[in-house]
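Here are some worked exercises to try with the model open beside you. Have a go at each task before you read its solution.

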Amino acid sequence: MLRESVAHKLGVSVSDLQQVRVVRRSLDSRKRDVKYHVQLEVSLQGESPLPSAWQPSVYQDCRNKPPLVIVGAGPAGLFAALRALEVGLRPIIVDRGKPVEQRKYDISRITRAKEVNPDSNWCFGEGGAGTYSDGKLFTRSTKRGDIKEVLRKFVENGADPDIMLDAHAHIGTDRLSRIIANMRHTIETYGGEYHFDTRVADLILKQGRVCGVRCADGNSYEGVAVILATGHSARDIYQLFFEKGWQLEPKPFALGVRVEHTQHLINSIQYHSQNYSKFLPPAAYSLTTQVNGHGVFSFCMCPGGIIVPAATGESQQVVNGMSNSHRNSPFANSGIAVTVAPEDVPDYARYGVFSLLKFQQDVERKVFEAAGGCIDAPSQRLTDFCQNRTSTRLNKSNYMGQCVSAPLHEVLPDFVVRCLQQGFRDFDRKMHGFYTQEASLLAVESRTSSPVRIPRDASLQHPQLPGLYPCGEGAGYAGGIVSSALDGINSVTMIAQNS
Ligand SMILES: Cc1cc2nc3c(=O)[nH]c(=O)nc-3n(C[C@H](O)[C@H](O)[C@H](O)COP(=O)(O)OP(=O)(O)OC[C@H]3O[C@@H](n4cnc5c(N)ncnc54)[C@H](O)[C@@H]3O)c2cc1C
């Protein structure tokens, strides 16, 4: 069909076409007639063939090269390691969690035995928070670097090449574990090494410069520099900085709930019909509004998704969303979050740099208690929440655990409740049918980004700790898989330039 349409547009016959290659594909459902926009590269017979779509990564054998210590095997750490192999540094990756093959057992224990292993869970372990996710691969920020480089490295390690074309590409949990394991194979083949079950507890400084890490098991690792990519849930790392007097800053973040509708309803709204084509993918949405000076926005929307318990320690209740590659669950879920800045929580000012972190912890504990002291998810119908009523009956949910009815309008902080209540009404004006008693809210969506920043200067090093490169979501400089991966790549490029 594409070849015929290209030939028609160029005024040539189909046999005159040598190659027709899709370079970009996006679905546009803003109007009733839903369309795919496709961008193509074409060569005609007799012309030189199209250059190859991308140059493969070229890695050096780094067995005898200078070591680079990377703390955290999430997207930031793993893409930093791959970049290290390109610039001739030997990555030594240290992660508190387990390899993906073993991590999955700890994850299933969270729902089966209601037990959270503080070192191996939905956020910690090989691949970081990105492994058991929806694997959405887009970022709003295009200034950080070449997104295609990240996508290409995913493809080289087993992802579907179509992710290079789709405007809103995603991989899916079922495929990500294998890709993360393939990345390990690539990194080890070229001389990199992994240390799992190894929690970093301190930094090693020599002559005022960070040159390594000391771990809880007594081992230490040294290198030309240390990349600290421990993610937004490594509260012990923030505590270490605080105790040592190393600079930290509070960082605005966002907190709210996860909303769940049936995928059929979201499809009907987004595709403007109850009888949308079965060939269309499960529809997504992206919503934002402003209420009382706060941003209220949808976050990490998972079409055909599952809601997961994403706590990383005791007495916490946290929800997040993921999906498989086919996005074939009958539910659509999304975080709906309200921006929170230090001035919104004046009672927490006494905690200084940890004001927002302490607020986040307190909300997670309160929600945990509302669930009866376990990882069951406190839940309420959307309409009941907006009308300040406890739900006497809950909707069906695709939460990986049990839902318990709870008055979220009383459990969550007042300003968050008011913003969410107005926000849901605003969203219904943008997506008519969104506000319905068939939708459920699950709490709490609190790990949207880090509430603390580990600062860095123009050389990407901590201002007081030369040799230390705070990186990725935990440092407060990225959010999401792609931007964290790019931050990892950029940090290593900078280390190569600085040394
Ligand atoms: C369920 C879920 C679904 C998500 N879905 C998406 C999505 O579809 N698209 C998207 O773009 N983003 C998604 N995200 C967010 C995304 O996963 C993160 O933004 C991203 O993983 C951050 O990358 P990072 O490398 O900076 O940190 P992380 O991925 O958090 O990795 C940090 C790593 O550091 C390790 N670590 C922590 N402390 C220590 C220590 N003291 N010593 C040693 N190791 C340590 C951890 O074990 C972990 O492996 C999702 C997150 C979750 C939880």
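**Exercise 1.** Is Phe242 buried, partly exposed or exposed, and how is its ring placed against that of Phe354?

*Solution.* Start with the classes: buried means under 20% relative accessible area, exposed over 50%, and partly exposed in between (1.4 Å probe, protein chains only). Phe242 has a relative accessible area of 47%, so Phe242 is partly exposed. Phe354 has 11%, so Phe354 is buried.

A note on the source: this is a predicted model, where local features need pLDDT of at least 70 and side-chain atom pairs count only at pLDDT 80 or more, while totals for chains, interfaces and linings use all residues. Residues are numbered from 1 along each chain as its sequence is written, and side-chain values use heavy atoms, with hydrogens and water left out.

Next, take the rings. A pair of aromatic rings is described by the distance of the centres and the angle of the planes. Rings of Phe, Tyr and Trp (its six-membered ring) pair if their centres lie within 6.5 Å; planes under 30 degrees apart count as stacked, over 60 as edge-to-face and the rest as tilted. A search of the whole structure finds 16 aromatic pairs. For Phe242 and Phe354, the centres are 5.2 Å apart and the planes stand at 45°, so this pair is tilted.

**Exercise 2.** Which class fits the ring pair of Phe424 and Phe434: stacked or tilted?

*Solution.* The ring centres of Phe424 and Phe434 are 6.4 Å apart with planes at 20°, so the pair is stacked. Both Phe424 and Phe434 are buried. Now widen the view: Phe424 and Phe434 belong to one aromatic cluster with Tyr285, Phe385 and Phe427.

**Exercise 3.** Where does the ligand lie, and which domains give residues to the shell around it?

*Solution.* First, count the shell: 37 residues surround the ligand (one of their heavy atoms within 4 Å). The closest are Asp95, Gly125, Ala129, Glu473 and Ile481.

Second, look at polar contacts, which for a ligand are pairs of N or O atoms within 3.5 Å. Ligand oxygen atoms lie 2.8 Å from a polar backbone atom of Gly125, 3.1 Å from a backbone N or O atom of Gly130 and 2.9 Å from a polar backbone atom of Lys136.

Third, place the ligand. Domain 2 (67-249 + 454-498) and domain 3 (252-445) both contribute to the shell, so the ligand lies between them; these bounds come from an automatic or database domain assignment.

How values were computed:
Near = heavy atom within 4 Å. Polar contact = N/O pair within 3.5 Å; in protein donor to acceptor, adjacent residues only side chain to side chain.
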